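This briefing introduces a structure to a reader who has not met it before. Please look over the sequence and the model first, and then turn to the points below.

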Amino acid sequence: MFEDIKNINHEVHNFKSKSSQEIEDFRISYLGKKGKITLLFNKFKEVPVSDKKEFGKQLNILKTAALDKITTLKSSLNDRPKSSKSNLDYTIPGQPTEIGSRHPITIIRDRITNIFSQIGFNVSEGPEIEDDWHNFTALNFPEEHPARDMQDTFFINKDIALRTHTSSVQVRVMENSQPPIRTISPGRVYRNEAISARAHCFFHQVEGLYIDKDVSFADMKQTLLYFTKAMFGNETKIRLRPSYFPFTEPSAEVDVSCTICNSKGCNVCKYSGWLEIMGCGMVDPNVLENCKIDPDIYSGYAFGMGIERIAQLIYEVNDLRLYSENDLRFLKQFTTESY
Ligand code: DAH
């Protein structure tokens with residue numbers, strides 16, 4: 001009997017297999033109902049009493065060895081790759097990776113911020129969901145001003161709206177810092193407009209603000225001339241027309257000489273030779289006061305332009321909707337070098 005245990009132990013020890021079927025056959029022939037080890041357990045009653053203890057002990061060791069063998073063989077099967085031969089053809093040329101391009105609005109926004117950063121303006125940002133104070137009240141908008149109307153503004157509740165212009169960021173900058181301030185604030189703005197080639201419910205603006213002692217209208221005009229020459233070319237001229245904004249006094253509208261027809265007259269400039277590109281003016285003393293800046297000590301100018309408008313003149317894109325349709329045929333045409 002002890003001899004049987006020894007022999008079976010030897011067989012278990014030497015068993016090798018590469019297939020799961022063989023391992024299963026091994027399990028059945030040793031541990032199955034009529035398996036060799038199972039049969040030895042059945043013979044236990046025939047073992048003389050004096051040997052029972054030792055026999056039981058050795059039999060249990062044998063059974064554990066057989067079970068361990070099965071587990072080890074099975075797990076080595078799982079580790080092995082299904083087939084040692086690879087189906088990959090390493091000589092096939094790789095798929096080309098398509099490189100995306102910058103959105104035209106991003107290209108123009110970066111160009112504008114670069115031009116101003118070269119003359120000491122930093123970049124500031126504010127939230128697109130804005131409160132009444134920063135979007136209207138601090139900017140001197142009268143209570144009954146039409147821009148406050150539901151028809152122009154997307155209100156979230158009585159006090160909160162989607163900002164209608166980036167002028168709200170000037171208020172935030174002035175509230176949080178003291179002059180000298182030189183900042184530009186690019187960002188997205190929202191207006192409750194029906195979408196068409198010429199209007200959209202969202203677009204982008206860049207706001208500019210300069211506050212210091214003795215800042216004059218002439219400083220503003222010179223800065224804007226520098227900007228337009230850098231943006232549209234050295235030959236570009238500007239003209240300022242009187243206008244009205246609640247937050248600036250005096251206010252003006254800035255026109256550039258038509259970049260498309262060289263001021264000869266075309267349908268973009270409506271045969272006037274001039275294109276309107278932004279609003280500007282000297283910051284109203286009320287606005288300075290609202291932002292805790294002393295108007296007796298400081299003065300400054302502000303300006304605001306639409307990025308889509310500048311992009312339209314640079315790229316001659318005449319439908320605003322194209323900018324937000326994500327049509328790759330459109331977007332692919334713009335590169336940082338394309339103007
Ligand atoms: N916020 C004005 C708008 O959305 C643009 C503007 C005009 C900004 C004059 C200014 C400014 O800072 O001085 O139409």
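With which residue does Asp-132 form a salt bridge? The partner is Arg-148, and the closest N and O atoms of the pair are 3.4 Å apart. The model is a predicted one. Its protein chain contains eleven helices and nine strands, and a search of the whole structure finds 13 salt bridges.

**Overall form**

- The C-alpha trace of the protein chain extends over about 120 × 50 × 40 Å along its principal axes.
- The radius of gyration of the protein chain is 41 Å, whereas a compact globule of 339 residues would have a value near 20 Å.
- Of the 339 residues in the protein chain, 39% are buried.
- Among contacts in the protein chain with a separation of 6 or more, 67% are between residues 24 or more positions apart.

**The salt bridge of Asp-132 and its surroundings**

- Asp-132 belongs to helix α6 (residues 132-135), while Arg-148 is in the loop between α6 and β3 (160-162), so their salt bridge ties together parts that are 16 residues apart in sequence.
- Both partners are buried: Asp-132 has a relative accessible area of 18%, and Arg-148 has a relative accessibility of 12%.
- The side chain of Asp-132 also makes a polar contact, at 2.4 Å, with the side chain of Thr-137.
- When neighbours within four places in sequence are left aside, Asp-132 is in contact with Thr-137, Arg-148 and Asp-159.

**Further salt bridges**

- Side chains of opposite charge can pair when their charged atoms come close.
- Arg-239 and Asp-255 are joined through their side chains in a salt bridge, with an N to O distance of 2.9 Å.
- Why does this pair tie together parts that are 16 residues apart in sequence? Arg-239 lies in strand β6 (residues 238-245) and Asp-255 lies in strand β7 (residues 248-257), so the salt bridge links the two strands.
- Arg-239 is partly exposed, at a relative accessible area of 32%, whereas Asp-255 is buried, at 2%.
- Arg-239 and Asp-255 also belong to a network of salt bridges that includes Arg-241 and Glu-276.
- Another salt bridge is formed by the side chains of Asp-319 and Arg-321, at 2.8 Å from N to O.
- In that pair, Asp-319 is buried, with a relative accessible area of 18%, and Arg-321 counts as partly exposed, with a relative accessibility of 30%.

**The sheet and the helices packed on it**

- In what order do the seven strands of the open sheet stand? The order is β1-β4-β5-β9-β8-β7-β6, and the pairing is mixed.
- The edges are occupied by β1 (122-123) and β6, each of which has a single partner strand, so one side of each is left without a neighbour in the sheet.
- Strand β5 (residues 202-212) and strand β9 (residues 299-306) run antiparallel and are joined by eight bridges.
- Val-206 has Met-305, in β9, as its bridge partner.
- Helix α8 (residues 217-232) packs on the sheet, where it touches β6, β7, β8 (274-283) and β9. The direction of helix α8 makes about 145 degrees with that of β8.
- Helix α10 (residues 307-315) also packs on the sheet and touches β5, β8 and β9. The direction of helix α10 makes about 60 degrees with that of β9.

**Val-173 in helix α7**

- Val-173 is located in helix α7 (residues 167-176). Is Val-173 buried or exposed? Val-173 counts as buried, at 15% relative accessibility.
- Beyond its neighbours within four places in sequence, Val-173 has contacts with Ser-124, Ile-181 and Thr-183.
- Val-173 and Lys-53 are separated by 120 residues in sequence and by 91 Å in space, taken from C-alpha to C-alpha.

Note on methods. Residues numbered from 1 in each chain as written. Predicted model: local features only at pLDDT ≥ 70, side-chain atom pairs only at ≥ 80, totals over all residues. Heavy atoms only, no water. Salt bridge = Lys/Arg side-chain N within 4 Å of Asp/Glu carboxyl O. Helix = DSSP H or I, 4+ residues; strand = E, 2+ residues; numbered from the N terminus. Buried < 20%, exposed > 50% of the residue type's maximum accessible area, 1.4 Å probe, protein only. Polar contact = N/O pair within 3.5 Å; in protein donor to acceptor, adjacent residues only side chain to side chain. Contact = heavy atoms within 4.5 Å. Pairing = 2+ DSSP bridges. Axes fitted to C-alpha atoms, helices over the stretch in contact; angles between N-to-C directions. Rg over C-alpha atoms; globule rule 2.2 N^0.38 Å.
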